[in-house]
Each structure stands twice: as C-alpha cells, then as structure tokens.
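Okay, thanks everyone, I'll keep this short. Let me put the sequence and the model up, and then we'll walk through the strands and a couple of residues.

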Amino acid sequence: ESVSCDESAIATFSWDELMTSGAAKPEVVSLDMTVSESDLSLNIEVKLTYEGRSSADIYGAVYGTTYVLDFEDFDAHEHSIALPGTCQNRHADDFVDDSTGGLIAFDSLWEYPLDPVSDIGTASYLAYPPPGLWSVAMATDNECGVVVYSGKFT
C-alpha cells in the first residue's frame, strides 16, 4: 500500500528549542516491554514520532533525523553511526557502498521516505534502516506520524 505523506506535515525536531526551553523533544508515544516465560525472551515495542528533519542551530541548518535503539549508550561525539552495537536497530552492512566497498556518503544516512508505509526499513532510507533484530513499520492508525520498532531478544 502506498501512502504519500505531505513533507510539511512530517515532524521536525529543533535542538535549539530543546536546549533553550526544554520543549519540542520527540515524543515516545508508547514503550511496551514484556517477558515471555515460554522462550525466556524480552519483547520490546517502541512507538516514536516519525521525524523527518532536525534543525541544529539558529542559522537554519537542517539535517535528517534517526533513532538509535540499543542496550548500550550512544554518544554521537564518541561513536560512529556506521559502527552499530550488537543489539542496535541497524547493521554495519547498511553503511557499505556496494559499488566502492567503502562507507556510503554521510548525507545518505539521513534520508527518510515520504511514502513510509512502503519504503520505511529499506536501504534507500537509512534514517529508518532495514530490519534486523528490530523490525520497523509505520503505525496503522497514524501512517505519517508514528513509527513502530519491535524487537525480540533471547
């Protein structure tokens, strides 16, 4: 099913507003964690605001947005987004340019789809990368506003 989202309606995050007023942080719509006794697994479902772009300074620079889900801390000053942890919502292979064998262009890491129902979780849009340990999909009741990550860990 194809659902095209109006780009102006997709959420945009402002670091300036967060730093100056503590407002405008991305919303965790819901977080559900359950333990299955039958297979001793931890099942996690996280629903988050579908973010398109982020502004990072008062001069109007705009960047793409991505979520890092993992059981380890992620510090953007110390860690590379292209070197994911073992339980992260992305794979190192997603960052390799098949034609060169090197890392893909940095700008490509932040692309997000305007047709998220069909295109989210594909290698073409690494802001919301292909599934591995975590699946990714749009919420059926809010196809342009809420992204759902689900993971099962044993």
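Before I point at anything, one bit of vocabulary: I'll call two strands paired if DSSP finds at least two bridges between them. And keep in mind that what you're looking at is a predicted model.

With that in hand, go to strand 7, where the bridge partner of Leu48 is Val147. That's one spot in the pairing of strand 3 with strand 7, residues 146-153, which is antiparallel and has eight bridges. Strand 3, residues 41-49, is also joined to strand 2, residues 28-36, again antiparallel and again by eight bridges. If you want a landmark there, Met33 stands opposite Ile44 in strand 3. Strands 2 and 3 make a hairpin with four residues between them. Have a look at Leu40 in that turn: its phi is positive, about 50 degrees.

Now the other sheet I wanted to show. What is the strand order here? It's 1-4-5, three strands in an open sheet, with mixed pairing. The edges are strand 1, 11-14, and strand 5, 62-64, each pairing on one side only. From one strand to the next the twist averages 30 degrees. Strand 4 pairs with strand 5 in the antiparallel sense, over three bridges, and Arg53 stands opposite Gly64 in strand 5.

Staying in strand 4, which covers residues 51-55, we come to Glu51. This one caught my eye: Glu51 is buried but has no salt bridge. How far away is the nearest side chain of opposite charge? That's Arg53, and it's 10 Å off. What the Glu51 side chain does reach is the backbone nitrogen of Phe13, at 3.3 Å. Beyond its neighbours within four places in sequence, Glu51 is in contact with Ile10, Ala11, Thr12 and Phe13, and also with Pro26, Thr65, Tyr67 and Tyr128.

Last stop, Leu69, in the loop between strand 5 and helix 2, which is 116-119. Buried or exposed? Its relative accessible area is 14%, and the cut-off for buried is under 20%, so Leu69 counts as buried. Who's around it? Not counting residues up to four places away in sequence, Leu69 touches Cys87, Gln88 and Asn89, plus Trp134 and Tyr149. Then there's Arg90, 21 residues from Leu69 in sequence and 8.5 Å from it in space, C-alpha to C-alpha.

That's my tour, happy to rotate the view if anyone wants another look.

Notes: Residues are numbered from 1 along each chain as its sequence is written. This is a predicted model: local features need pLDDT of at least 70, side-chain atom pairs count only at pLDDT 80 or more; totals for chains, interfaces and linings use all residues. Side-chain values use heavy atoms; hydrogens and water are left out. Helices (H or I, at least four residues) and strands (E, at least two) are DSSP runs, numbered from the N terminus. Buried means under 20% relative accessible area, exposed over 50%, partly exposed in between (1.4 Å probe, protein chains only). Lys and Arg count as positive and Asp and Glu as negative; His and the chain ends are not counted. A salt bridge is a side-chain nitrogen of Lys or Arg within 4 Å of a carboxyl oxygen of Asp or Glu. A polar contact is a pair of N or O atoms within 3.5 Å; within protein, one must be able to donate a hydrogen and the other to accept it, and residues adjacent in sequence count only if both atoms are side-chain atoms. Contact means heavy atoms within 4.5 Å. Axes are lines fitted to C-alpha atoms, for helices over the stretch in contact, and angles run from 0 to 180 degrees between N-to-C directions.
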